[in-house]
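Trainee: I should like to take a close look at the disulfides of this structure. Could you please describe how they are placed and how they are built?

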Amino acid sequence: MRRLTALFTGLLLSLALVAASADGSGPDTAGLNLDWLDKSVNPAQDFYTFANGGWQKANPVPDEYARWGTFNILTRHNQEVLRQILEDDAKGKHKHGSLAQKLGDFYATGMDEKAIEATGIKPLQAELDAIGAIQDQAALQKAVAHLQTIGVDALFAFGAGQDYKDSSRVIGIAGQGGLGLPDRDYYLKSVDQCAMPAVTASSATAAAPSAIDPSAQKEYDNCKAQAGKFQQVRDAYHTHVSKMLQLLGDPTDKADAEARSILQIETGLAKASLSRVERRDPDKIYHPMTLTELSALTPHFSWQAYFASVGRPELTGINMSTPDFFKALDADLITVSLDDWKTYLRWHTVDAFAAYLSKPFVDEDFQMNAALTGAKQLQPRWQRVVASEDNALGFALGKAYVEKEFPPSSKQAVVDILHAIRASLRDDLETLAWMSPETRKAAIDKLDFMQERIGYPDKWRDYSALDTQRDSYVQNVIRANVFEQQRQLAKIGKPVDLSEWLQTPPTVNAYYYAPQNNINFPAGILQPPFFDPKAPAAVNFGALGFVMGHEMTHGFDDRGSQFDGHGNLRNWWTPDDLAKFHKATDCISDYMSTYTVDGGLHVQGHLVTGEATADLGGLTLAWRAFHASKAYKTAKTIDGLTPDQQFFLGAAHVWAMNIRPEESRRLVTLDPHPPGVARVNYTMANMPQFQQTYHVPDGSPMVKKDRCEIW
């Protein structure tokens, strides 16, 4: 299920890239997408549907996808570009070791269905045989280290990252992991967690001596229904694991029993894991420990032997991010039988590579993904291989993409908007009435230190140590995994590379990275509908400006605000200012918690606090930047829409999407972003500028009575 990231960061079916509206609108309305509107809906009641209802009716979710929206359309376009690059590289004869050879050979093996079907499980047989030969705990732990190196999520996660308290250096980090389902909640959500509705004595009468509050009863019924859906996923997972083990040759009865033991092991790991909300607190996942302290924490697991197995025998300490998880895991190493551990490792090995194997494994892998997301059909092979290659050789592929799609001159077209947003935030920090001079100075210093990165890295990743061949798709995936793990672990003990990017250039996304205090906008997102040179400035400020303001505000959201301008975890707030700030972010999380999906499953307010805070701050900053720009002074009313109305339409169009209920449930469980409807309606309901622009009366759903205000 780890492959869901690859499947749904690149979700995708062909549609025309958004530009001028399809109803024949002329150049004056280019970029406004007027055909997306549903004018039967009152914008004062539901602005999201008013702005996107026409698009939603015309764009149902294709069978291959769990959700379908603007991000997907643009990603599909980018994948088509990557496909052409890879097909050209796969046809040619290139010097061994060249980027073109590495890219072409990887793609060729992924597309060679005949060879993949002929080899079946053989590419993994040596790994499975090695697991079968494990005879003791020492061999088990050595196997775990090896499997992690080749890309198997076995027991826990290990990698490299910046030291939260010293952002100049890279340290080793161990964290919870080892689950086959996407999140701990999939194992733990049950009816037992549903609060029974209380009896309200005040409503008692002679005929009805006691009564239950109807709203509490509805909440309880919703909770039971959702718990039942999580149980259905667990049942599907049990069946899926059993069928995969049967494909490996195990008899049905044995595979069924093995699946039960695997689910039992993983449920134990889930119970010991921190929730996603808890992991948003940096202090809860920062526990530097020496080798002596590690040994005391997990007396049955040899960290010294593990470090040697992963190629870093000199390590004398790491950040043990989740100590309680490792305490529980250490106990499990002894109480769970060796045979059950071997079965667990066999399962996770086939799970990690099933998508790259022959059709029976691919189809069964998809069945579980379908249970989680609601997708009805497997994506075309070329699309799956492109997504896999972007994950494996993304910066080699990204270099070719940039040369083809994003010349250096394209950068300047978006830098002006970014600098306008930055100026708006600086002005806001300088004038916020609730912020004291001491906190204000630290906040402005942080903004001044914030680095901007547009399009692609200045220094391209070196893939010379990665050798791809035309022998096996699975083996190429393994080689890429080994290369990346070794590249990551080689960073430990070295200075931080401030030039490194975390997203590849074709990615349709953007991010803020707190430990380095930088904002990043890959080339892949700098296209319509996020930025369209044909569109009115109001639309570009509402769309790309929203995205840019969002990422910049992350430096000052509930989590980013805990890091200083140099990326160190340090409190730079006065106690009074921090209390005011937390009150404001609590307002946002409480408001988001009222939004539900899939018949009553509530958004986890404290999971989405950072993203919701960045949405409100980002759109507010973009609004102010637009009003301060030269473009605002010459902006025109188009088709009856004022520049301010165009701004909010541009912002809403970014989140146009249709989504399946299973995917809504999955995202509410693990995604720190609010649902798209809430990102539009709940954000704008907090903005007096929106109310004024669309003349929304008080009491409307698009006006929050007691607005949440930070920026």
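Mentor: The following account considers the disulfides one after the other. The model is a predicted one, in which local features need pLDDT of at least 70, side-chain atom pairs count only at pLDDT 80 or more, and totals for chains, interfaces and linings use all residues. Residues are numbered from 1 along each chain as its sequence is written, and side-chain values use heavy atoms, with hydrogens and water left out.

A disulfide is a covalent bond between the sulfur atoms of two cysteines; here the term denotes a pair of cysteine sulfur atoms within 2.5 Å. Two disulfides are found in a search of the whole structure.

One of them links Cys 194 with Cys 223, with an S to S distance of 2.0 Å. Cys 194 belongs to the loop between helix H8 (185-188) and helix H9 (214-247), whereas Cys 223 is in helix H9, so this pair ties together parts 29 residues apart in sequence. Helices here are DSSP runs (H or I, at least four residues), numbered from the N terminus. The torsion about the S-S bond of Cys 194 and Cys 223 is about -85°, so this disulfide is left-handed. Cys 194 is buried at 8% relative accessibility, while Cys 223 is partly exposed at 26%. Buried means under 20% relative accessible area, exposed over 50%, and partly exposed in between (1.4 Å probe, protein chains only).

The disulfide between Cys 587 and Cys 708 also has S to S 2.0 Å. Cys 587 lies in helix H22 (residues 575-592) and Cys 708 in the segment after helix H28 (688-693), so the pair connects parts 121 residues apart in sequence.

Methods. Helix = DSSP H or I, 4+ residues; strand = E, 2+ residues; numbered from the N terminus.
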